[in-house]
Amino acid sequence: MKIIEPKQSATALAITRKRYLMTDKNGQAVETPGEMLWRVAKHMAKFEEDKKIAEVFYERMVTKKFVCSGKAMFEAGNPGGIGQLAACFVLPITDSIDAIFKTLGQAAVVHKNNGGTGFNFSQIRPHGDKVKNVPHAASGPVDFIKAFSAALSKILQGAKRQGANIAIVNADHPDIADFIKMKVEDGTIKNFNVSVGVTDKFMEAVKQKANWALINPRTKETVRTVRADKLFHLICEYAWRTADPGMAFLDRMERDNPTPTLGKLEATNPCGEIPLLPYESCNLGSINLSEHVVKNKVNWDELKKTIHLGVRFLDNMIEVNNFPLEAIEKMVKDGNRRIGLGVMGLAHLFFKLGIAYNSEAAVKLSEKLAKFIRQEADKATEKLGKQRGNFGNYDVSIYADSGKPRRNCATTMIAPTGTISLFADCSSGIEPVFALTTTRKTFFEDDQANRPTKEMVIVDPVYQQFKNKFDSKVFVTAHEITWQWHVMMQAAWQKYFDNSVSKTINLAKTASVEDV
C-alpha cells in the first residue's frame with residue numbers, strides 16, 4: 001500500500017502532531033499523518049472480508065473528504081491507546097447515594113477511556129429534603145454536580161485533555177433557580193455545560209405567563225409555584241452573562257426517539273447534538289463538504305460515495321471498539337448501533353460556489369444537501385442491515401413495522417468538529433467562517449491551570465484562493481450574520497437529520513438579555 005501524505009497547512013500539521021500521531025516515550029511522533037490515516041483505515045476494516053475496503057477508507061480520509069472523530073484518529077490501531085473510539089456517552093442518575101457514586105465511578109472510567117459524558121440530575125431529591133426520616137439532610141442536585149465536576153476534573157482523557165460533560169436539570173425541579181445560577185456563583189465548574197430540561201407544557205406556560213409547579217421528584221408533590229415567564233427570563237439572563245445554561249427541549253427530543261419503549265431521552269452528549277438513552281454512546285465522523293466541489297459545482301456522485309463509505313466506516317467502528325463498560329457494549333453494539341455521520345466545510349463550500357452564507361440560496365442548498373445525505377445514509381444502513389443483520393433493538397423500534405432492514409437506529413447529526421476541521425483545513429460544522437484571519441489560542445493541556453500555551457495565526461485558505469473570483473459580499477463571517485440566518489441554517493439541516501445539530505449563534509458584545 002502506497003502511503004500518501006494529506007495536503008495540510010502548518011496549523012493543521014501542528015494539530016495533527018499534537019493530537020493524533022503515535023509518539024514514543026519522549027513524546028516524539030513515530031508516524032506521519034499519512035501513516036496515521038492508514039493505521040486508522042486498516043483498523044476500521046479489520047473484520048471486513050474484502051481487504052480492499054481499507055484502501056477505500058484510506059482514499060476518502062487522505063483526500064480529506066471524510067474525517068472520523070479525533071478520539072478515533074488517535075486511538076484506532078494505536079498499541080499505546082485504549083482502543084475506545086466513541087466520543088460521547090450518557091449515564092443514568094437515580095436518587096440514592098450508592099447509585100449516584102456508582103455512576104460517578106462509571107463516568108471516571110469513561111473519561112479515562114477518552115469519552116465525554118451527559119447526565120440528567122432531575123431525579124435527585126431537592127436540597128434540604130429529608131433523608132431516611134432526617135429532615136433537611138439532602139444535598140440536592142447542584143451539590144452532586146459540583147462533586148462530579150471536582151472528581152472528573154482530575155482525570156485527563158488519554159493524558160491529552162480534560163473530558164467534557166453536560167448536566168441537565170428539568171425546569172420543574174425545586175432547585176432549578178440554584179442550578180441556573182450555579183456557574184456564576186461557583187466559578188469552579190469549568191468542565192460541565194449545563195442545560196435546563198424543558199417541555200412543551202413549560203414553553204406554553206411561558207407564553208401565557210402562567211404559574212409553574214416545582215415538584216419534589218421523591219414525593220411527586222408540588223413544593224411551590226413560580227411564574228413560568230420569570231423562570232424563563234432567569235435562564236436568558238444567565239445565558240447572557242455566562243453562555244450557560246442552555247435549554248434541552250425534552251418533548252422534541254422524545255418525538256425522534258427511535259426506541260421509545262427502552263426509555264426516555266433525557267440527556268445528550270456534552271455538545272448537545274446527540275440525545276442518548278442511559279448507557280448509550282455514539283460514534284462520530286464528518287463529511288468535508290468543501291472537498292466535494294468540482295468546477296464550481298457540488299459533485300453529488302462523489303458525495304454519495306462518501307456517505308455510503310462513512311456509514312460503513314462508523315458501523316465498523318462499533319465492531320472494533322473497545323467499550324469502557326459492559327452495560328454500554330450491550331446498549332450500543334448489541335442494542336441500538338447509533339451512529340452520527342455529520343458534515344463540516346459548509347461555509348467553505350459556499351465560498352467556492354460564490355454563495356453568501358446569509359442568503360436564500362445558501363439555505364436552499366443546505367436543505368438539498370441535508371435531504372440528500374439523510375436519504376443516502378438511510379439507503380446505506382438498509383444495505384448494511386441486509387448484509388449484516390438489523391440492529392439488536394430493531395423489533396422494539398419505530399422501524400419494526402416498516403419491514404425495511406436497518407443496521408443503525410439513527411445515522412446523521414452535526415458535531416462542532418472543532419479540532420478535526422482544523423486537521424482538514426476546512427470551516428467547522430455548519431458554521432460560517434469565524435474570521436478571515438484568526439489568532440487561535442490552543443494546547444491548553446500543556447499548562448497545569450488549563451491555560452493556552454500557544455497562539456496560532458490562521459488565514460482562511462479558501463478565502464485566499466477565491467477572494468478575487470467573487471464579490472466580497474460572498475465572504476461574510478460569523479459576526480456579520482444576524483441571528484435569524486443562523487437559526488434558518490440550523491433549521492434547514494435539522495429538518496432532515498435524525499440526531500441533532502450543533503450550532504453556535506454569535507451575538508455581539510452589545511447584545512441584550514432580550515436578544516438572547
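In this predicted model, the charged end of Arg406 is placed over the ring of Tyr399, at 4.2 Å from the centre of that ring.

Rings also meet one another elsewhere in the chain, and the count of aromatic pairs comes to 17. In one of them, the ring centres of Trp38 and Tyr58 are 5.5 Å apart and the planes stand at 75°, an angle over the 60 degrees required, so the pair is classed as edge-to-face. Because Trp38 belongs to helix α2 (residues 33–44) and Tyr58 to helix α3 (residues 52–62), the pair ties together parts that are 20 residues apart in sequence. Trp38 has a relative accessibility of 16% and therefore counts as buried, the limit being under 20%, and Tyr58 is likewise buried, with a relative accessible area of 1%.

A further edge-to-face pair is that of Phe121 and Phe148, whose ring centres lie 5.4 Å apart with the planes at 80°. This pair links distant parts of the chain, since Phe121 is in the loop between β3 (116–120) and α6 (141–152) whereas Phe148 is in helix α6, 27 residues apart. Phe121 is buried at a relative accessible area of 0%, and Phe148 is buried at 1%. Both rings are part of one aromatic cluster, which Phe119 and Phe192 form together with Phe121 and Phe148.

Further along the sequence, helix α13 (residues 346–353) is mostly covered, eight of its eight residues being buried. The buried residues include not just leucines and phenylalanines such as Leu349 and Phe350, but also His348 and Lys352. The cover over the buried residues of α13 includes strands β14 (293–294), β15 (297–298) and β16 (339–344), as well as helices α14 (360–388), α16 (461–466) and α17 (483–494).

Of these neighbours, α14 can be described in more detail, given that two packed helices are described by the angle between their axes and the distance between the axes. For α13 and α14 the angle is about 120° and the axes are 12 Å apart; the two helices are therefore oblique to each other, and α13 passes α14 in a right-handed crossing. On the side of α13 the contact is made by Leu346, Leu349, Phe350 and Leu353, and on the side of α14 by Ala362, Leu365, Ser366 and Leu369. In an α-helix, residues three or four places apart point the same way, because there are 3.6 residues a turn. After α13 comes Gly354, which has a positive phi, near 70°.

How values were computed: Residues are numbered from 1 along each chain as its sequence is written. This is a predicted model: local features need pLDDT of at least 70, side-chain atom pairs count only at pLDDT 80 or more; totals for chains, interfaces and linings use all residues. Side-chain values use heavy atoms; hydrogens and water are left out. Buried means under 20% relative accessible area, exposed over 50%, partly exposed in between (1.4 Å probe, protein chains only). Helices (H or I, at least four residues) and strands (E, at least two) are DSSP runs, numbered from the N terminus. Contact means heavy atoms within 4.5 Å. Rings of Phe, Tyr and Trp (its six-membered ring) pair if their centres lie within 6.5 Å; planes under 30 degrees apart count as stacked, over 60 as edge-to-face and the rest as tilted. A charge sits over a ring if NZ of Lys or CZ of Arg is within 6 Å of the ring centre and within 35 degrees of the ring normal. Axes are lines fitted to C-alpha atoms, for helices over the stretch in contact, and angles run from 0 to 180 degrees between N-to-C directions. Angles under 35 degrees count as roughly parallel, over 145 as roughly antiparallel, 65 to 115 as roughly perpendicular and the rest as oblique. A crossing is left-handed if the near helix is turned anticlockwise from the far one by less than a right angle, and right-handed if clockwise.
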